[in-house]
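Here is a short briefing to read beside the sequence and the coordinates. It moves from single residues to helix pairs and then to the whole chain.

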Amino acid sequence: MEKNHAFELTPTRRLALILGGSLSILLIPLIAMQFTNEVQWSVFDFIVAGILLSGTGATLELLLRKFKTFKTRFIAGAILFIIFFLIWVELAVGIFGTPFAGN
């Protein structure tokens, strides 16, 4: 049985998917802003969210290239997403009360 390598997920394709996913996620608030006044993002908000999403994605790609076993990839990825989530929550609602929350 011959394996089809045309759809193999190479590191370059994986990085392209990660960055494309980041842009797709940014389309959600952009579209929501067209239909409701409850979502009000500025250009700065989109820039910060884009940097956070693409930076996390690029770091994930780096971790996947560096670590070879599933266990180390999973642990490193989980730590990365916990850090991402804490930064996102702090920027969104200021749970820790830092000056980055806009207070």
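**Phe84 and its partners**

Setting aside neighbours within four places in sequence, Phe84 is in contact with Leu52, Leu53 and Thr56. The model is predicted. Phe84 sits in helix 3. Its three partners listed above are among the helix 2 residues that touch helix 3.

**Phe84 in detail**

- Is Phe84 buried or exposed? Phe84 is buried, because its relative accessible area is 17% and the cut-off for buried is under 20%.
- Phe84 and Gly55 lie 29 residues apart in sequence. Their C-alpha atoms are 9.5 Å apart in space.

**Helix 2 against helix 3**

- Helix 2 covers residues 43–66, and helix 3 covers residues 70–93.
- Their axes come within 10 Å and cross at roughly 170°.
- Angles over 145 degrees count as roughly antiparallel, so helix 2 and helix 3 are roughly antiparallel to each other.
- Which residues make the contact? Helix 2 supplies Val48, Ala49, Leu52, Leu53, Thr56, Thr59, Leu60, Leu63 and Leu64. Helix 3 supplies Arg73, Ala76, Gly77, Leu80, Phe81, Phe84, Ile87, Trp88 and Leu91.
- By class, the residues of this contact divide into 14 nonpolar, three polar and one charged.

**Leu91, also in the helix 3 contact**

- Leu91 belongs to helix 3 and is among the residues that meet helix 2.
- Leu91 counts as partly exposed, because its relative accessibility is 35%. That value falls between the 20% cut-off for buried and the 50% cut-off for exposed.
- Leu91 and Ala49 are 42 residues apart along the chain. Their C-alpha atoms are separated by 9.5 Å.

**Helix 1 against helix 2**

- Helix 1 covers residues 11–35.
- The axes of helix 1 and helix 2 come within 10 Å and cross at roughly 160°.
- That angle makes helix 1 roughly antiparallel to helix 2.
- What is the handedness of the crossing of helix 1 and helix 2? The crossing is right-handed.
- On the helix 1 side, the contact holds Pro11, Thr12, Arg14, Leu15, Ile18, Leu19, Ser22, Ile25, Leu26, Pro29, Leu30 and Met33.
- On the helix 2 side, the contact holds Phe46, Ala49, Gly50, Leu53, Ser54, Gly57, Ala58, Leu60, Glu61, Leu64 and Arg65.
- The residues of this contact divide into 15 nonpolar, five polar and three charged.
- Ala49, Leu53, Leu60 and Leu64 are among the helix 2 residues in the contact with helix 1. Ala49, Leu53, Leu60 and Leu64 are also among the helix 2 residues in the contact with helix 3.

**Two residues of helix 1**

- Ser22 is in helix 1. Ser22 is buried, because its relative accessible area is 7% and buried means under 20%.
- Which residues does Ser22 contact, leaving aside its neighbours within four places in sequence? Ser22 is in contact with Leu53 and Ser54.
- Leu23 is also in helix 1. Leu23 is exposed, because its relative accessible area is 57% and exposed means over 50%.
- Leu23 and Ala49 are 26 residues apart in sequence. Their C-alpha atoms lie 9.8 Å apart in space.

**The chain as a whole**

- The secondary structure comes to three helices and zero strands. Along the sequence, the pattern reads α-α-α.
- The protein chain has 103 residues, and buried residues make up 23% of them.
- The accessible surface comes to about 8000 Å². Carbon and sulfur atoms account for 72% of that surface.
- Among contacts between residues at least 6 apart in sequence, 47% join residues at least 24 apart.

How values were computed:
Residues numbered from 1 in each chain as written. Predicted model: local features only at pLDDT ≥ 70, side-chain atom pairs only at ≥ 80, totals over all residues. Heavy atoms only, no water. Axes fitted to C-alpha atoms, helices over the stretch in contact; angles between N-to-C directions. Helix = DSSP H or I, 4+ residues; strand = E, 2+ residues; numbered from the N terminus. Parallel < 35°, antiparallel > 145°, perpendicular 65-115°, else oblique. Contact = heavy atoms within 4.5 Å. Nonpolar A, V, L, I, M, F, W, Y, C, P; charged D, E, K, R; others polar. Left-handed = near helix turned anticlockwise from the far one by under 90°. Buried < 20%, exposed > 50% of the residue type's maximum accessible area, 1.4 Å probe, protein only. Areas by Shrake-Rupley, 256 points an atom, 1.4 Å probe, with all protein chains shown as cover.
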